[in-house]
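Me: I am new to this structure and would like to go through it with you. Could I ask how you arrive at the labels you use?
Reply: Gladly, ask away.

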Amino acid sequence: MKDETPIHDLSRRKLLAGIGAVGLASTGAGLGTSAYFSDRETFENNTVTAGELDLLVDWQQHYTMNGETTFVNAHPDHDADGEQSIVVDASTVTYSDFADPEDPESNGANIPGLNCETIPPIDEAAFGVDPTTGESQESLVQLGDVKPGDAGEITFSLHLCDNPGYVWMQAENVAESEGVDTEPELAVDETTGGDLARQIEATLWYDADCDNVHDAAAPADIMLTLDFSGSMLYDQFGGVVSQDSIQVNGTSYGETTKIDLVELATREFVQYLDDQNADVQVGVAYFDGEGSDDTVPRTGVLQPLTTNLSTVENALSGLRRKLANVVSGSAPSTPFDGDGDPDPGAGSGIAEGTYIGEGVDDAQGELGTNGRAGVAASNIVLSDGESFNGNGSTQFTTPEDAADDARAPSPGPATNVYTISVGSGNDAVLKAMAGAAGDATGDDPQFFYNVDDPVTIPTVFGVLASQFGAEKIIMQDSLDVVLDALADGNGLPLDGNVQTMFDELADPADDPGREPFEGNGLMYCVALSWELPFEVGNDAQGDTVAFDLGFYTEQARHNDGNGPSEQVV
């Protein structure tokens, strides 16, 4: 697969500039005025100034010494104890930044329910107390009396609440001091000035699952369960996204449909996993409705689970035709029977209904039959509609029941259920389905993706792909080198989709491989960890380093990602 031609010739940047620009500007603003909104979210004298493009940030920072972890600061933190927390309906919701055996609510991650409605203003944040000196912190990160073996980590969750935007990470107010030279330090330190940042080892990465730990790749069995109903293709049912042309797998179309974007997204998802040499099996299921002469819904497995990802990619090609074959013609109707009309202007005489539950059941059956023992199972369910009966004789399984059964430990395997709602009028159902394996209740916002604009489907699959490969490291070097990169110019340009080949250090900010971060509050996490190695000895004893971290964003529409120096206001 790695030597094959690119999946598509029309980049998603062009899609965002073309399709996304058609009547999809920010609410309440005309095309001319909405194009150049920008927002600056960064720490300057412990405050943040914000423009009309709303970026909200939350975080959790901790410090580990002598094998014990201490909370430093967090936002939100309703009681200012350093641990991230909020009050919801008079009850405190707390998620520890690390798995705490004394706290049954600790899950080792930032609060998953934080969103654009629950994150308080940044000016309510406090920087807390230095855990080594007991003194109030004047900077977000303040390392005062660091000993060899000490370590720390801070994870930021980013939420663009309105439109997609390009994001930079920045460092400011970097201050380093040699402090008071002690006799042990004078015996080994041959340089003047502070040495701490030079001696500390640091890692900056995209924390895909927001669990505050850099995760290596883990084996996974993944089913992609896709909506093959008429509303994904045919114009009369809302399947056409734009009259802009698109090229998919070497085929040019005069318009862009939802199923085209799903094809781009899923094939890129599979290619990314292949490039990562991920230990995965991937399969594909589909669901539609039923015709008047059907006795069973038109659902099934398009591609059984396999480690041959080239085979999966082939199964995901030509989805216009495969969808049309399913929804058209008399029973039995399959993706390969050739009786469908893939012209988006057609769409008469198709099966009605959307049997999401049956599609989930089919995917779960495949995971049960061909999934590997002891390997985590996941099902990614994408739909643009409401589950309902067609005009045949069958009754559908409710999607909620099907998802509950999939997540349950028995009959196995217990499966993570991710759901993607593509402008669905029934978001509540898809949200209720979403949850981790073993979760009896579902309705977990970390597993639910609300896509109002279909053009961002590939970005969502990019976020999901990063959870099945090793989390991408942006930079791994000494802390002073990392801070220099973050403080230089506009800072480090971040990539909204780790499936791309964008290099944050080497490529220009407007490189075509870089993509903006999706809006609508989709959560992204970026983390910085540090450790002072034991072998440093007394070289940095008494030295200090302090710095602030922040983010800059500019709206993706009508901006090329060059940053504030190129911004037109």
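Me: Where is the place of proline 413?
Reply: Proline 413 sits in the loop between α9 and β18. Please keep in mind that this is a predicted model.

Me: What makes the peptide bond that joins glycine 412 and proline 413 a cis bond?
Reply: Look at omega, which is about 0° for this bond, and the bond is cis. The loop between α9 and β18 also holds proline 411. The peptide bond from serine 410 to proline 411 is cis as well, with omega near -5°.

Me: How confident is the predictor, and what is the mean pLDDT of the protein chain?
Reply: The mean is 82, and 82% of the residues reach 70 or more. There are weaker stretches, though: over residues 1-37 the pLDDT is below 50. In the model, residues 1-37 still have 86 contacts beyond near neighbours in sequence. Another such stretch is residues 185-189, where pLDDT stays under 50 and the model has 14 contacts beyond four places in sequence. Where pLDDT is low, predicted coordinates should not be read in detail.

Me: Why is glycine 385 called buried?
Reply: The relative accessibility of glycine 385 is 14%. Buried means under 20%, so glycine 385 counts as buried. You will find glycine 385 in the loop between β17 (376-383) and α9 (399-407). Its C-alpha atom is 9.6 Å from that of leucine 430, and the two residues are 45 residues apart along the chain.

Me: Is alanine 80 buried or exposed, and how do you know?
Reply: Exposed means over 50%, and alanine 80 has 62% relative accessibility, so it counts as exposed. Alanine 80 belongs to the loop between β3 and β4 (85-88). Its phi is positive, about 55°, although alanine 80 is not a glycine.

Me: What about cysteine 210, buried or exposed?
Reply: The relative accessible area of cysteine 210 is 3%. The cut-off for buried is under 20%, so cysteine 210 is buried. Cysteine 210 has a positive phi of about 55° too, although it is not a glycine. Its place is the loop between β9 and β10 (220-227).

Me: How many helices and strands does the protein chain have, and how much of it is buried?
Reply: The chain has twelve helices and 23 strands. Of its 569 residues, 56% count as buried. The chain exposes about 21,900 Å², with carbon and sulfur atoms supplying 48% of that area. Among contacts with a separation of 6 or more, 72% are between residues 24 or more positions apart.

Me: Which strands stand at the edges of the sheet β3-β2-β7-β22-β9-β20, and why?
Reply: This open sheet has six strands, with antiparallel pairing. β3 (68-75) and β20 (473-478) are at the edges because each has a single partner strand, which leaves one side of each without a neighbour in the sheet. From one strand to the next, the twist averages 10°. Helix α12 (residues 479-487) packs on this sheet, where it touches β9, β20 and β22. The direction of α12 makes about 130° with that of β20.

Me: What makes β9 and β22 paired strands?
Reply: Six bridges join strand β9 (residues 201-206) to strand β22 (residues 523-531), and the two run antiparallel. Pairing needs at least two bridges, so these strands pair. One bridge links alanine 202 with tryptophan 530 in β22.

Me: What is the pairing in the sheet β16-β15-β10-β17-β18-β19?
Reply: Here six strands form an open sheet, and the pairing is mixed. β16 (299-306) and β19 (448-451) are its edges, since each has a single partner strand. Neighbouring strands are turned by 15° against each other on average, direction ignored. Within the sheet, β17 pairs with strand β18 (residues 415-422) in the parallel sense over seven bridges. Alanine 377 is opposite threonine 415 in β18.

Me: How do you know that the span of helix α8 agrees with its number of residues?
Reply: Helix α8 (residues 356-370) has 15 residues, and at 1.5 Å a residue it should span 21 Å. Its end C-alpha atoms are 21 Å apart, so the two values agree. The buried residues of α8 include Ile356, Val360, Ala363 and Leu367.

Note on methods:
Residues are numbered from 1 along each chain as its sequence is written. This is a predicted model: local features need pLDDT of at least 70, side-chain atom pairs count only at pLDDT 80 or more; totals for chains, interfaces and linings use all residues. Side-chain values use heavy atoms; hydrogens and water are left out. Helices (H or I, at least four residues) and strands (E, at least two) are DSSP runs, numbered from the N terminus. Buried means under 20% relative accessible area, exposed over 50%, partly exposed in between (1.4 Å probe, protein chains only). Contact means heavy atoms within 4.5 Å. Accessible areas come from the Shrake-Rupley method with a 1.4 Å probe; for residues, only the protein chains shown count as cover. Axes are lines fitted to C-alpha atoms, for helices over the stretch in contact, and angles run from 0 to 180 degrees between N-to-C directions. pLDDT is the predictor's confidence in each residue, from 0 to 100. The expected span of a helix is 1.5 Å times one less than its number of residues.
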